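Q: I've got a model open and would like to learn how to read its strands, a buried side chain and a pocket. Can we go through them one at a time?

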Amino acid sequence: MMLRIAGLLLALTVITPRLAAAQADPAAPANTAAPAAAQAGDDDPDRDFNRSQPDFTVVNLPTTLRLPKFKSAFRVTHRFGRPLGQGDFGELAEDLFGLDSGAQIGLEYRFGLMRGLQVGIHRTSDRTIEFFTQYSLLQQADHGVGLGVIASIDGTNNFKDSYTPMIGVALSRELGRYGAVYVEPMWVNNSNLLPSELVDHNDTIMVGIGARIRVRPTVYVVGEYIPRSGNTPGVNHGTFGIEKVAGGHTFQLNFSDGFGTTMGQLARGGTDSDNWYLGFNISRKFF
């Protein structure tokens, strides 16, 4: 089912070549009157394509990109379970570099509830459900930096068992039209799923550091690192990747030291600094 959804999103890209061409060359004249008319009637700046922040996440960390009011976006996350360093190259190739292994898959939907405010839900295949929200306080055009308040809560077993709330801020600085950098301090409660009387630390303080750099008109390299204190099992989460923007789609191939995609999972860290896993994200804007 998950692969069918990913295939559907890939198919949608095939039928949006004009949108991709328009973003590759924003100065090109419109070929038809319909897009021009749509632009003329749309005065919401949140709907304008942002070359520095083309998506609502870097890999897992949120950006400060605003979702237009009453518009939405969808994302698929996929983390293959085979470590890329396990076995020799021949064994890795036989497993198609991890594609033959199991995976942790996530489905996410977000909606612009009002201008500057977005809400969403993210569910992973280990039956964790995350509800999240983000409110934009500052934009770089007016204040030199972008600033958003972020909050979420994870629940295991389809949001029936252990709950892990998070609150933090996302601070961004766009680098002209060539990308953006992020610093995101967060407090995560109940990051240790064991009973509190059995653990020394039940909370995690983490500072997400991320960057997206544009290397071609529609191609970016991305990276994240999340140092932590307090409850710090596993290793600090790190990931890097490359992505392609095509119309309303973003296709990202990434490599990470863990499987986490929710804030609670990220607080619990990666598996091993020597083990890296292949993954991808596919996102689609509906505006």
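A: Sure. Let's begin with strand pairing: strand S7 (residues 179-188) and S8 run antiparallel, joined by 10 bridges. Keep in mind that this is a predicted model.

Q: Which residue in S8 is the bridge partner of Met186?

A: That's Met206, in S8. Met206 also stands opposite Arg228 in S10, so follow it across when you look at the next pairing.

Q: How many bridges join S8 to strand S10?

A: There are 3 bridges between S8 and strand S10 (residues 228-230), and the two run antiparallel.

Q: And how does S8 pair with strand S9, parallel or antiparallel?

A: Antiparallel again: S8 and strand S9 (residues 219-226) pair over 7 bridges. They form a hairpin, with 2 residues between them. One bridge to pick out is Arg216 with its partner Val219 in S9.

Q: What should I keep in mind about side chains when I look along a strand?

A: The general idea is that side chains in a regular strand alternate between the two faces of the sheet. For a case to look at here, take Arg212, which is found in strand S8 (residues 204-216).

Q: Is Arg212 buried or exposed?

A: Arg212 counts as buried because its relative accessible area is 0%, and the cut-off for buried is under 20%.

Q: Which side chain joins that of Arg212 in a polar contact of 2.4 Å?

A: The side chain of Glu243 does, at 2.4 Å. There's a backbone group to look at as well: the backbone oxygen of Thr57 lies 2.9 Å from a polar atom of the Arg212 side chain.

Q: Now for pockets. What's the idea behind finding them?

A: You roll a probe the size of a water molecule over the atoms, and that shows where empty space is left. In this model, the second largest pocket has a volume of about 410 Å³. It is lined by 19 residues, and the closest to its centre are Pro45, Asp46, Asn50, Gln139 and Glu174.

Q: Which elements give two or more residues to the lining of the second largest pocket?

A: They are strand S4 (129-138), helix H5 (140-143) and strand S6 (163-174). H5 provides the largest share of that lining, 3 residues.

Q: What is the lining of the second largest pocket like by class?

A: Sorted by class, it has 8 polar, 6 charged and 5 nonpolar residues. Try colouring the lining that way in your viewer, with Asp46 and Glu174 among the residues closest to the centre.

Key
Residues numbered from 1 in each chain as written. Predicted model: local features only at pLDDT ≥ 70, side-chain atom pairs only at ≥ 80, totals over all residues. Heavy atoms only, no water. Helix = DSSP H or I, 4+ residues; strand = E, 2+ residues; numbered from the N terminus. Buried < 20%, exposed > 50% of the residue type's maximum accessible area, 1.4 Å probe, protein only. Polar contact = N/O pair within 3.5 Å; in protein donor to acceptor, adjacent residues only side chain to side chain. 1 Å grid on protein atoms, 1.4 Å probe; cavity = no way out; pocket = protein on both sides within 12 Å on 5 of 7 lines; lining within 4 Å. Points joined across faces, edges and corners; volume = space filled by probe spheres on them. Nonpolar A, V, L, I, M, F, W, Y, C, P; charged D, E, K, R; others polar.
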